[in-house]
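User: Could you take a close look at one small part of this model for me, and then tell me how it sits in the rest of the chain? I'd like a connected story rather than a list.

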Amino acid sequence: MPWKNGGGTTTEIAVHPQGASLDAFDWRISMAHVGGDGPFSSFPGIDRTLAVLRGNGIRLAFSDGETITLDRQTKPFAFAADRAVAGQLVAGPIDDLNVMSRRGGWAHAMRRLTGPGPHALEAHAGLLVLVAHAGGWAVTAARRTEALAPGDSALLESPGNVELSADNPESEIFAITLQPMS
């Protein structure tokens, strides 16, 4: 689907409520291809976290003077999606992973996990969304194991203790927690 500002396209992974527009979601997870420099879409009342999936990185220049460079090694970066920000590609296009949640209604966090693991996660309330980026992953929750291949995602409701393990050291998965605030 087109970006809100018309500058590119995004692939929606999950949104709540299902089918919500870009102006009416409670939370949204998507991947975008960024092929050129330019301003980010403004989302009033939304918190956002961004992680680089492919490419050499992007420099975020906020209107208040703050700048940060994100690449494949940096931790996912959280910021208010209503802050004016422009992106400048470091050296060519990137693909990124975005998580956005409505401030005051939902809170979110994103972690990048790499290597074979095992990685232990706890999500006793809310949602845990897993987005497999590289390598094969085994996800064990509630005494059941499922496989995730690169490009696969899983949404788990209050799964409790979750264990992730991968098939090689270059494996990468993103763990996103979403908590309702009320």
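Analyst: **A side chain to start with**

Let's begin with Thr 74, where a polar atom of the side chain lies 3.0 Å from the backbone oxygen of Asp 71. Bear in mind that this is a predicted model, and that goes for each distance and angle below.

So where does Thr 74 live? You'll find Thr 74 in the loop that links β6 (67-70) to β7 (77-80). Is Thr 74 buried, exposed or partly exposed? Its relative accessibility is 22%, and since buried means under 20%, Thr 74 counts as partly exposed. Once you set aside the neighbours within four places in sequence, Thr 74 touches Thr 69 and Arg 112. There's also a through-space relationship with Ala 51: the two residues sit 23 apart in sequence, while their C-alpha atoms are 7.8 Å apart.

**Moving on to a histidine**

A similar kind of contact, from a side chain to a backbone oxygen, turns up at His 119. What does that side chain reach? A polar atom of it lies 3.1 Å from the backbone oxygen of Thr 114. His 119 belongs to strand β11, which covers residues 119-123. With a relative accessible area of 16%, His 119 falls under the 20% limit and therefore counts as buried. Its surroundings, leaving out anything within four places in sequence, are Leu 113, Thr 114, Trp 137, Val 162, Glu 163 and Leu 164. So Thr 114 shows up twice for His 119, once as the owner of that backbone oxygen and once in the list of contacts.

Just ahead of that strand there's a backbone oddity. The peptide bond joining Gly 117 and Pro 118 is cis, with omega about 15°. Pro 118 itself is placed in the loop between β10 (106-114) and β11.

**More unusual backbone**

It helps to have the general background here: most peptide bonds are trans, and most residues other than glycine have a negative phi. Where else does the chain go against that habit? A second cis bond runs from His 16 to Pro 17, and its omega is near -5°. Pro 17 is in the loop between β1 (9-16) and β2.

Then there are two residues with positive phi in one loop. Ala 142 isn't a glycine, yet its phi is near 50°; Arg 143, also not a glycine, has phi at about 60°. Ala 142 is in the loop between β13 (137-141) and β14 (144-148), and Arg 143 is in the loop between β13 and β14 as well. Are these two buried or exposed? Ala 142 has 68% relative accessibility, so it counts as exposed. Arg 143, at 87%, counts as exposed too.

**An arginine on the inside**

Set Arg 143 beside Arg 28 and the picture flips. Arg 28 sits in strand β2, residues 27-34, and with a relative accessible area of 3% it counts as buried. What does its side chain do in there? One polar contact goes to the side chain of Glu 12, at 2.9 Å. Another goes to the side chain of Ser 30, at 3.2 Å. If you want one more landmark, Phe 43 is 15 residues from Arg 28 along the chain, and their C-alpha atoms are separated by 12 Å.

**Stepping back to the whole chain**

Those strands and loops are pieces of a chain with 17 strands and 0 helices. Its radius of gyration is 16 Å, close to the 16 Å the globule rule gives for 182 residues, so the chain is as compact as a globular protein of that length. Along the principal axes, the C-alpha trace spans about 45 × 40 × 30 Å.

How much of the chain is tucked away like Arg 28 and His 119? Buried residues make up 42% of the 182. The exposed surface comes to about 8,900 Å², with carbon and sulfur atoms supplying 52% of it. Of the contacts with a separation of 6 or more, 68% are between residues 24 or more positions apart. As for charge, the chain carries 14 positive and 19 negative charges, and their mean positions are 2 Å apart.

Technical notes: Residues are numbered from 1 along each chain as its sequence is written. This is a predicted model: local features need pLDDT of at least 70, side-chain atom pairs count only at pLDDT 80 or more; totals for chains, interfaces and linings use all residues. Side-chain values use heavy atoms; hydrogens and water are left out. Helices (H or I, at least four residues) and strands (E, at least two) are DSSP runs, numbered from the N terminus. The radius of gyration is taken over C-alpha atoms; the globule rule is 2.2 Å times the number of residues to the power 0.38. Buried means under 20% relative accessible area, exposed over 50%, partly exposed in between (1.4 Å probe, protein chains only). Contact means heavy atoms within 4.5 Å. Accessible areas come from the Shrake-Rupley method with a 1.4 Å probe; for residues, only the protein chains shown count as cover. Lys and Arg count as positive and Asp and Glu as negative; His and the chain ends are not counted. The place of a charge is taken as NZ of Lys, CZ of Arg, CG of Asp or CD of Glu. A polar contact is a pair of N or O atoms within 3.5 Å; within protein, one must be able to donate a hydrogen and the other to accept it, and residues adjacent in sequence count only if both atoms are side-chain atoms.
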